[in-house]
Amino acid sequence: MNDYLARRTDPATSLQAAQSLDLTLNRKHEQLLRIVGRLGRATDDEIADAAVKTDLTQRHEQARRLLRTVRDKTNYVQPARDEHGEQIRHVNSSGRQAYAWELSQHGRVAVRSW
């Protein structure tokens, strides 16, 4: 059941719509997870850049949406943490710091099984 996709206070039609969604990952999501695995620890921008360079997507924002979907729907991607438990940050091409992500143990197992 996809209860987390709708609020308890939503109308019945919204609850029904959330429950009817197919949350299986498609081929592009799986390929994106392989990219994350190859990169190791990377920001959304670094992952999206790699997705565009490997022709997974044509647009950067499309790759970022794929990644957000995987993060929201699965436990395959987790914050990359340093030895103190703090989430690692990398500097983006814009010069700003952004959080880094990596495959979780579940993500590594899933990628190996595909």
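**Exercise 1.** Which residue just after α3 takes a positive phi?

*Solution.* A word on the ground rules before we start: this is a predicted model, where local features need pLDDT of at least 70, side-chain atom pairs count only at pLDDT 80 or more, and totals for chains, interfaces and linings use all residues. Numbering starts from 1 along each chain as its sequence is written, and side-chain values use heavy atoms, with hydrogens and water left out.

Step 1: go to the end of α3, and just after it you'll find D55 with a positive phi of about 65°. Helices (H or I, at least four residues) and strands (E, at least two) are DSSP runs, numbered from the N terminus.
Step 2: check the residue type; D55 is not a glycine, yet its phi is positive.
Step 3: place D55 in the loop between α3 and α4.
Step 4: look at its surroundings. D55 is exposed, with a relative accessible area of 66%; buried means under 20%, exposed over 50%, and partly exposed in between (1.4 Å probe, protein chains only).

**Exercise 2.** Work out the order of the elements in the chain.

*Solution.* Step 1: count five helices and four strands.
Step 2: read from the N terminus on, which gives α-α-β-α-α-β-β-β-α.
Step 3: add the burial figure: of the 114 residues, 35% count as buried.

**Exercise 3.** Describe how α3 packs against α4, and then how α2 does.

*Solution.* Step 1: the axes of α3 and α4 come within 8 Å and cross at roughly 120°. Axes here are lines fitted to C-alpha atoms, for helices over the stretch in contact, and angles run from 0 to 180 degrees between N-to-C directions.
Step 2: α3 and α4 are therefore oblique to each other. On this scale, under 35 degrees is roughly parallel, over 145 roughly antiparallel, 65 to 115 roughly perpendicular, and the rest oblique.
Step 3: list the partners. D44, D45, I47, A48, D49, A51 and V52 of α3 meet H60, A63, R64, L67 and R71 of α4, where contact means heavy atoms within 4.5 Å.
Step 4: now α2 and α4, whose axes come within 10 Å and cross at roughly 90°. That makes α2 roughly perpendicular to α4.
Step 5: on the α2 side, the contact uses K28, H29, L32, L33 and V36, and on the α4 side Q62, A63, L66, L67, T69 and V70.

**Exercise 4.** Which residues touch the most other members of the largest nonpolar core?

*Solution.* Step 1: fix the term. A nonpolar core is a set of buried Ala, Val, Leu, Ile, Met, Phe, Trp, Tyr and Cys residues joined through side-chain atoms within 4.5 Å.
Step 2: this core has 19 residues, and the answer is L32, L33, I47, A51 and L56.
Step 3: at least two core residues come from each of α2 (27–39), α3 (44–53), α4 (60–73) and β4 (97–103).
Step 4: zoom in on A51, which touches L32, I35, L56, T57 and A63, leaving out residues up to four places away in sequence.
Step 5: A51 is also one of the buried residues of α3, along with D44, D45, I47, A48 and A50. The cover over the buried residues of α3 includes α2, β1, α4 and β4.

**Exercise 5.** Is R41 buried or partly exposed?

*Solution.* Step 1: find R41 in the loop between α2 and β1 (42–43).
Step 2: its relative accessibility is 40%, so R41 counts as partly exposed.
Step 3: leaving aside neighbours within four places in sequence, R41 is in contact with E46, A80, R81, I88, H90, A100, W101 and E102.
Step 4: pick A80; its C-alpha atom and that of R41 are separated by 6.1 Å, with the two positions 39 residues apart along the chain counted as their spacing.
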